[in-house]
Amino acid sequence: MSVSTDQHSSLSPAAGLRVAVISGSVRKDRMGPTIARWVAAALNPAAALDPAAAVDPAPVDLIDVADVELPDDSLLYPGGGPKSEVADRIAAADAFVFVTPEYNHSYPASLKRLIDWHYGEWRLKPATIVAYGVHGGYAAIEHLRGVLAELSVVTARRTLGLPAPWTSLDGQGRYTPDAELSRGLTASLAELRWWAEVLADARRDRTPPT
C-alpha cells in the first residue's frame, strides 16, 4: 500500500522545524536508506525524491551513516574531539528520527560511532526510532533509548518496529507497508513534533540544567 503525503502531515515545512533522519546501517543491500526515504516522504516529499535537496534549506536532512567519514576513534574523548563533517547538520536539527536495523539483539556499531562522535549537538532535543528486523527490531529500540537518555535526548514513547520490511517493497523498490504501520508512523511523528516544539521553546527561554 502506498503512503500518501497528507496522511503524514505531522511535521511539515510549515512547522518551521528541521528534522534529521539518520540511517544507521552500512551493510551492502541494506534496507535503511529505503526506510529513511519513506520517513522523509512523510516529513517532506521533496526530500524523498531528491536527497540532495534535503540538505538546505528544506526542513528534512537525510544523514546516511555509510556516507559519513568520522575521525579516528583514538581521537575521541567524552564531549569532545575533532569536529566531524556532519556535526553542523546534527546541531542544526530540532528533532531526530533514527532508522536502525537490529543486529544481535541491539543496534549496529556504525550508528553508535556516529552518536558517540557528537555530544552537545544532541542535547535537549527529541527523537523517535524506526527500527526493523525479522521480528521488528524492538531490541534495537530499547538499547538505543538508554544511550540517547545519557545524551539528554528525549525519546518519544511512540516508536515504530517494522517486521521484515524487505517483504513490503513495490516494483520500484520503495517501502510500501500496510495501513497499520503507516498510522504508526503518523503517531510517532505527531509526538515528535510536540516534543520538538516544547524543547525548542525551552532551549530558547530557559537556562538548561548543568
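Which residues form a nonpolar patch on the surface of the protein? In this predicted model, the patch consists of Val134, Trp166 and Leu169, which together have about 290 Å² of accessible area. Of these residues, Trp166 is placed in the loop between strand S6 (160–163) and helix H6 (179–205). Because its relative accessibility is 42%, a value between the limits of 20% and 50%, Trp166 counts as partly exposed. For the protein as a whole, about 10,300 Å² is exposed, and carbon and sulfur atoms supply 52% of that area.

The overall architecture can be described next. The protein contains six helices and six strands, and, read from the N terminus, these elements follow one another in the order β-α-α-β-α-β-α-β-α-β-β-α. Buried residues account for 49% of the 210 residues in the protein. When contacts between residues at least 6 apart in sequence are considered, 79% of them join residues that are at least 24 apart.

The interior holds a largest nonpolar core of 27 residues, within which Ile22, Phe96, Phe98, Ile115 and Trp122 have the most contacts. At least two residues of this core are supplied by each of strand S1 (19–23), strand S3 (95–101), helix H4 (109–116), strand S4 (126–133) and helix H5 (138–150). Helix H5 gives the largest share, namely five residues. Apart from this core lies another one, of 26 residues, which includes Ala36, Ala95, Leu185 and Leu189. The surroundings of Ile115 illustrate how parts of the chain come together: with neighbours within four places in sequence left aside, Ile115 is in contact with Phe98, Trp122, Leu144, Val147, Leu148 and Leu151.

Two buried residues, Thr155 and Ser110, were examined individually. Thr155 belongs to strand S5, which spans residues 154–155, and it is classed as buried because its relative accessible area of 17% falls under the 20% limit. If residues up to four places away in sequence are not counted, Thr155 touches Ala127, Ile129, Arg145 and Leu148. The C-alpha atom of Thr155 is separated by 9.3 Å from that of Leu144, a residue eleven places away along the chain.

Ser110, in turn, lies in helix H4, and its relative accessibility of 15%, likewise under 20%, is the reason why it counts as buried. Once residues up to four places away in sequence are set aside, the residues touched by Ser110 are Gly24, Ser25, Val26 and Val65. In the case of Gly24, the backbone oxygen lies 2.6 Å from a polar atom of the Ser110 side chain.

A further set of contacts involves Arg203, which is located in helix H6. With a relative accessibility of 30%, which lies between 20% and 50%, Arg203 is counted as partly exposed. Leaving out residues up to four places away in sequence, Arg203 touches Asp94, Arg123, Leu124 and Lys125. With Asp94 there is a polar contact between the two side chains, at 3.4 Å. Although Arg203 and Leu124 are 79 residues apart in sequence, their C-alpha atoms are 7.4 Å apart in space.

Leu124 also has a notable backbone angle, since phi of this residue is near 60°, a positive value in a residue other than glycine. Leu124 is found in the loop between H4 and S4, and its relative accessible area of 23%, which lies between 20% and 50%, makes it partly exposed. A positive phi, of about 50°, is found in Asn104 too, although Asn104 is not a glycine. Asn104 occupies the loop between S3 and H4, and it is classed as exposed because its relative accessible area, 82%, is over 50%.

How values were computed
Residues numbered from 1 in each chain as written. Predicted model: local features only at pLDDT ≥ 70, side-chain atom pairs only at ≥ 80, totals over all residues. Heavy atoms only, no water. Core = buried A, V, L, I, M, F, W, Y, C linked by side-chain atoms within 4.5 Å. Buried < 20%, exposed > 50% of the residue type's maximum accessible area, 1.4 Å probe, protein only. Helix = DSSP H or I, 4+ residues; strand = E, 2+ residues; numbered from the N terminus. Contact = heavy atoms within 4.5 Å. Patch = residues over 30% accessible without salt bridge, like charges linked within 9 Å, V, L, I, M, F, W, Y side chains within 5 Å. Areas by Shrake-Rupley, 256 points an atom, 1.4 Å probe, with all protein chains shown as cover. Salt bridge = Lys/Arg side-chain N within 4 Å of Asp/Glu carboxyl O. Polar contact = N/O pair within 3.5 Å; in protein donor to acceptor, adjacent residues only side chain to side chain.
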